[in-house]
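Dear colleague,

Please find below the structure that I am handing over to you. I would be grateful if you could look through it alongside the notes that follow.

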Amino acid sequence: MSSAQVFYIINLLIYAGVDIIACLGLSQQFGVAGVTNFGFIIFQAAGAYTAAILSLPRQSANGGFQSYIGGWNLPFPVPWIGAAIAGGLVALPFTFLVGRRLRGDFAAVGLLITAVMANLLVTNYRPFLNGAAGLSLVPAPLQGEYNPQSQGYQWDYTVVTLVLAAAAFLLVRRVTESPYGRSLRAMRDNDLVADSLGKNLLSMRAAVLVLGGALAGLSGAILVGFINLWAPSAWGYAETIVLFAAVIIGGAGNHRGAVLGAILVPVGFEEATRYIHGPPGLVDDLQWVAIGLLIVVFLWLRPQGVLPERRRLAAPRIDITERSVVAPLVPTAQAEVVLRAAGVSRDFGSVRAVEDVSIEVRRGTLTGLIGPNGAGKSTLLAMLAGTLPVTSGQIGYLGGDVTGLPAFRRARLGLVRTFQLASEFKRLTVMENLLSAVPRNRGDSLRGALLGRRYWRGDETAAAERAWKLLEQFGLAAYADTYAGDLSGGQRRLVEIMRALMAEPRVLLLDEPLAGVHPHLAHQIGERLLGLCAEGMTILMVEHELAIMDEFCDPVIVMAEGRVLAEGTMAELRARAEVVEAYLVG
Ligand code: ADP
Ligand code: MG
């Protein structure tokens, strides 16, 4: 091999390593956590610039031909570590864009605009990072001790790059394959529901932004240390699209897919088109068109990518006979009333969905909530759980005022809801749906995930035991490894009930949980819910089927047109003309 050929191969390998590290960060954000970061490239840029100004000497050292901030001339590996930190830190403030209530499109556009503006700023404000010309003569790592031009040095650089890429792979895999990773995927599938199960969306989104930002930053440092220059043209927003193409084509949600995509798209595709000759500029432009087409074709024909996200199978069941697997509920010595709405109202624009509602739910009851469509039942439940803020009024829970408490905090206190509309995590298996709700799992935090399987395996096994027990009681054990999105409507309702029970609720809010469930099974579940109430749980249940109310619920609250109309046993309510009228007319 000629030395030109060797250099070419080294070049390819280093670019592959850089792209793999970046794609892994994006795969974690987009594929696993569902955060569409259209500004991803700015974190690579931040890392590259940080590495550059940490390793460059003062401006005057090179005759002052380029101007930039800093110039600290620090030894390797400080610039690379600094780059990873910078990438993570720069990412942190974007948490406000993705927010707790993700408007995915809003966040994506916001990040895209930020990327464009950042590029314009760096391009046009020369004193910052030398403007459009960018930084050059960036020292290679350890260039005082070794000769960066030598083949030996370059091979070593390649090895270090690929080792870091492998480390990045192990890191994101460790996070993704933990209970925390499962929570990230649950958030991706349905963030409102994850919130209602006690997941802190803001902190999870911040974590994936910082982790991805740090990986992007590191990739930028490796690149700038190799090519020794860095200019705004290297990180136009379109570069983010290339990385997205890689992740989508490789397989979003599968880190091996991200590695494959990084090799196929930024490296392979751009290399292949390099040999196509045409009018200057045209081939470059056509490359963008081709990458755009490639994304469209994949989204159309194979949206899961070449290597789809793999199904996580449940661990084989460890049969532990005759043991109570439902964790005992902590008895609370406070007031009889466990949940209370006091003068609660809710407006949607000019529509008053709930008006001045005051109700009390007593411990150990299976309280029913009925009323015609549009009466405000779901809205009331959402305000009780914290999914919707109240327009006015107070929510009391276990003797405290929780009106201002976000849903995930209420869920952690044991106030758990289900949703009227299908809300299973579609791309999680039934078992994973159940496990995702378990509170206080040691592996359900970034720190716990990083500490590794040994740290959280015990919690996970105990949770799986509880889940198997529930699956058996609800007759769904055979579906443990089925994607929840592939179940029938009735089965999904059951998954949601089981999942809520896995969250160890003290007060459970069920919004039409038995709609579409076979009457015979519905009856069994009613019995089961009564049994839970006898053990100390409290349930507030919206249900259309009056037969269910007759059999299981006492007391029953009737709502109509946003107000509470009446409360009592079903027998009492049936005797009241205005209740019958409101319910039957509505
Ligand atoms: P129910 O559950 O008793 O059928 P809802 O609480 O779903 O009733 O709805 C009560 C009223 O509030 C209805 O008039 C409905 O159209 C309105 N509503 C509910 N959610 C929204 C929303 N997100 N935006 C606007 N209007 C809403
Ligand atoms: Mg409803």
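The notes below concern the two ligand sites.

Please bear in mind that this is a predicted model.

Ligand 1

The residues around ligand 1 are Phe-348, Ala-353 and the run of Pro-372, Asn-373, Gly-374, Ala-375, Gly-376, Lys-377, Ser-378 and Thr-379. By character, this shell comprises four nonpolar residues, five polar ones and one charged. Helix α14, which spans residues 377-385, contributes the most to the shell, with three residues.

Oxygen atoms of ligand 1 take part in several polar contacts. One oxygen atom lies 2.9 Å from a polar backbone atom of Gly-376, and a backbone N or O atom of Lys-377 is 2.8 Å from an oxygen atom of the ligand. For Thr-379, the side chain is involved: one of its N or O atoms is 2.5 Å from an oxygen atom of ligand 1. On its own, ligand 1 has 560 Å² of accessible area, of which the protein covers 59%.

Magnesium ion (ligand 2)

Which protein atoms are the donors of the magnesium ion? They are OG of Ser-378 and OE1 of Gln-420, at 2.0 to 2.1 Å from the ion. These two residues are 42 apart and link distant parts of the chain: Ser-378 belongs to helix α14, whereas Gln-420 sits in the loop between β6 (415-417) and α16 (430-436).

Are these donor residues buried or exposed? Ser-378 counts as partly exposed because its relative accessibility is 24%, and Gln-420 is likewise partly exposed, with a relative accessible area of 33%. Ser-378 also appears among the residues around ligand 1.

With kind regards

Key. Residues are numbered from 1 along each chain as its sequence is written. Chains are lettered from A and ligands numbered from 1 in the order in which they are written. This is a predicted model: local features need pLDDT of at least 70, side-chain atom pairs count only at pLDDT 80 or more; totals for chains, interfaces and linings use all residues. Side-chain values use heavy atoms; hydrogens and water are left out. A residue is near a molecule or strand if one of its heavy atoms lies within 4 Å of it. A polar contact is a pair of N or O atoms within 3.5 Å; within protein, one must be able to donate a hydrogen and the other to accept it, and residues adjacent in sequence count only if both atoms are side-chain atoms. Accessible areas come from the Shrake-Rupley method with a 1.4 Å probe; for residues, only the protein chains shown count as cover. Helices (H or I, at least four residues) and strands (E, at least two) are DSSP runs, numbered from the N terminus. Ala, Val, Leu, Ile, Met, Phe, Trp, Tyr, Cys and Pro count as nonpolar, Asp, Glu, Lys and Arg as charged, and the others, Gly among them, as polar. Donors are N, O and S atoms within 2.8 Å of the metal (3.2 Å for Na, K and Ca); water is not among the atoms, so sites may look incomplete. Buried means under 20% relative accessible area, exposed over 50%, partly exposed in between (1.4 Å probe, protein chains only).
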